Amino acid sequence: MPTNSSLDLQRFYPDELDMVSIEEDPDEIRLHMLSRSKSFCCPKCGEELRKLHATHHRTVQDLPILGKRVFLDIRVHDFQCQNPICEIGAFSETFHGFLNHYSRMTERLIDFVTILALETSCEASARIMQAMHVKISGDTVIRMLLKRYQTQSHIPCGSHIGVDDFAFKKRHTYGTIIVDENSHIPVAVLEGRDGSALKAWLTQNKQVTTVTRDCASAYAKAVEEILPDCMQIADRFHLHQNLLEAVKSVINSTVPVDIKIPKDAALPYAETAVSDTLVESSKKNV
C-alpha cells in the first residue's frame, strides 16, 4: 500500500512560526521562517503585549536534521510594553520558550548540549556535537553551563548547614560547598576555602543556627565572626580521623619500633623444638 514519505517540517516548530522557504545543500539546511503572532506576554511584569515595536531577523542554530546542520532564519517581532512600572520597554518574542533573548541557538539544542556536557565534559560534548554537524566549541559549552547556573532559582536554606571544602583542580584551585542538612541539597558553591566567601554568604543568611564543619580554622573563625551565637559541630569523619592520629601518636611514643629478643632467651625454645622433632621421627621409624 503506498504511503506518503514526505516529511512535514512545520509540525516540529511552534505554531506561531510559518515556514516560508527551505534551502538545502549537502551539509546544511536553512529554514526561512516568519512570525505570525499578534501578542506576547511580558517576561518582566507579565502583561500581555499587543503593540508592535519593530521587526528584525534572527539566525539561530537548531538540532540537526538527517545529519545536516540546521539554521533558522526567523523574522521576529519586538513588542512594546506599555506598563509604566516595567523597567524595559520592548521585548523580542521567544515563542513560548523555543528561543531566548540572547543565544544563537534554540533552547532545545542548548538543553541537549548541557545534558551531554554534564554527562561527559565540555570539550568531549563539543567534539560529539561537531561530529553531529552542530557548530560549537568547548568554550561555548562552558558559557552555556554558567548561564544556566546563573539563571537557576534561589534554593532556600534552613537553619542547619554543613560546610566543607573540595578541589576544582587538586593542589591548585579549591572551593567551598554548603549543604542544607535537612534536605541534603547543596545550596551554594563558593570560591576559595579561606573563609572570606563563607563570611559573605553567612552575612546574607543570618537564619543559620548550627554549622557542621571540618576542623579547619578558617571556617571556624568565619562562623564565629559573623554568627557568634551559632553552634559549631565537628563532623564525625574528622573526629574519627583525629582520634586515630592521637592513638597512633601514643602508641608510637610508648611502644618501640624494633623489639629486640635476646639470643640466650631464644636458645632453650629452639633446643626443645629440636628434641620434640627427633622423638616424633623415632616413633615413626619404630
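In this predicted model, Leu-66 is exposed, with a relative accessible area of 79%. Leu-66 belongs to the loop that runs between β5 (51–65) and β6 (68–80). Its backbone also deserves attention, since the phi angle of Leu-66 is near 55 degrees, a positive value in a residue other than glycine. Most residues other than glycine have a negative phi.

His-133 is another residue of this kind: its phi is positive, at about 70 degrees, although His-133 is not a glycine. His-133 is placed in the loop between α2 (122–131) and α3 (138–150). With a relative accessibility of 34%, His-133 counts as partly exposed.

## Salt bridges

How many salt bridges does a search of the whole structure find? The search finds eight salt bridges. Three of them are set out below.

| Basic residue | Acidic residue | N to O distance |
|---|---|---|
| Arg-30 | Glu-28 | 3.2 Å |
| Arg-108 | Asp-62 | 2.6 Å |
| Lys-199 | Glu-225 | 2.9 Å |

Arg-30, the partner of Glu-28, counts as partly exposed at 22% relative accessibility.

The side chains of Arg-108 and Asp-62 meet across a separation in sequence. Arg-108 lies in helix α1 and Asp-62 in strand β5, so this salt bridge ties together parts that are 46 residues apart in sequence. Are the two partners buried or exposed? Arg-108 is partly exposed, with a relative accessible area of 30%. Asp-62, in contrast, is buried, with a relative accessible area of 2%. The cut-off for buried is under 20%, so the value of 2% places Asp-62 in that class.

Lys-199 and Glu-225 form a salt bridge between two helices. Because Lys-199 lies in helix α4 (residues 196–203) and Glu-225 in helix α5 (residues 217–226), the pair ties together parts that are 26 residues apart in sequence. Lys-199 counts as partly exposed at 28% relative accessibility, whereas Glu-225 counts as exposed at 52%. In addition, Glu-107, Asp-111 and Arg-148 are joined into one network by salt bridges that share partners.

## Aromatic rings

A pair of aromatic rings is described by the distance of the centres and the angle of the planes. The count of aromatic pairs in this structure, with ring centres within 6.5 Å, comes to two. One of them is formed by Tyr-13 and Phe-98, whose centres are 5.9 Å apart and whose planes stand at 80 degrees, an edge-to-face arrangement. Which parts of the chain does this pair tie together? Tyr-13 lies in the segment before β1 (17–24), and Phe-98 lies in the loop between β7 (90–92) and α1 (107–119), so the pair ties together parts that are 85 residues apart in sequence. Tyr-13 counts as buried at 5% relative accessibility, and Phe-98 counts as buried at 9%.

Phe-166 and Phe-168 also form an aromatic pair, with 4.7 Å from centre to centre and 65 degrees between the planes. This arrangement is edge-to-face because the angle of 65 degrees is over the cut-off of 60 degrees. Phe-166 counts as partly exposed at 26% relative accessibility, and Phe-168 is partly exposed with a relative accessible area of 48%.

## Charges over rings

Tyr-13 has a further contact, for the charged end of Arg-108 sits over its ring, 4.9 Å from the ring centre. Arg-108 therefore appears in two contacts described here: its salt bridge with Asp-62 and its position over the ring of Tyr-13. Elsewhere, the charged end of Arg-193 sits over the ring of Tyr-174, 3.6 Å from the centre of that ring.

## A nonpolar surface patch

Which residues make the nonpolar surface patch of about 340 Å²? The patch is made by Leu-243, Val-247, Ile-251 and Val-255. Leu-243 is found in helix α6 (residues 236–254). Leu-243 is exposed, with a relative accessible area of 53%.

## Cysteines

A disulfide is a covalent bond between the sulfur atoms of two cysteines. How many disulfides does a search of the whole structure find? The search finds zero disulfides. Among the cysteines, Cys-122 is buried with a relative accessible area of 18%, and Cys-230 is buried with a relative accessible area of 10%.

Notes. Residues are numbered from 1 along each chain as its sequence is written. Side-chain values use heavy atoms; hydrogens and water are left out. Rings of Phe, Tyr and Trp (its six-membered ring) pair if their centres lie within 6.5 Å; planes under 30 degrees apart count as stacked, over 60 as edge-to-face and the rest as tilted. Helices (H or I, at least four residues) and strands (E, at least two) are DSSP runs, numbered from the N terminus. Buried means under 20% relative accessible area, exposed over 50%, partly exposed in between (1.4 Å probe, protein chains only). A charge sits over a ring if NZ of Lys or CZ of Arg is within 6 Å of the ring centre and within 35 degrees of the ring normal. Patches are made of residues with over 30% relative accessible area and no salt bridge: like charges are joined within 9 Å, nonpolar side chains (Val, Leu, Ile, Met, Phe, Trp, Tyr) within 5 Å. Accessible areas come from the Shrake-Rupley method with a 1.4 Å probe; for residues, only the protein chains shown count as cover. A salt bridge is a side-chain nitrogen of Lys or Arg within 4 Å of a carboxyl oxygen of Asp or Glu. A disulfide is a pair of cysteine sulfur atoms within 2.5 Å.
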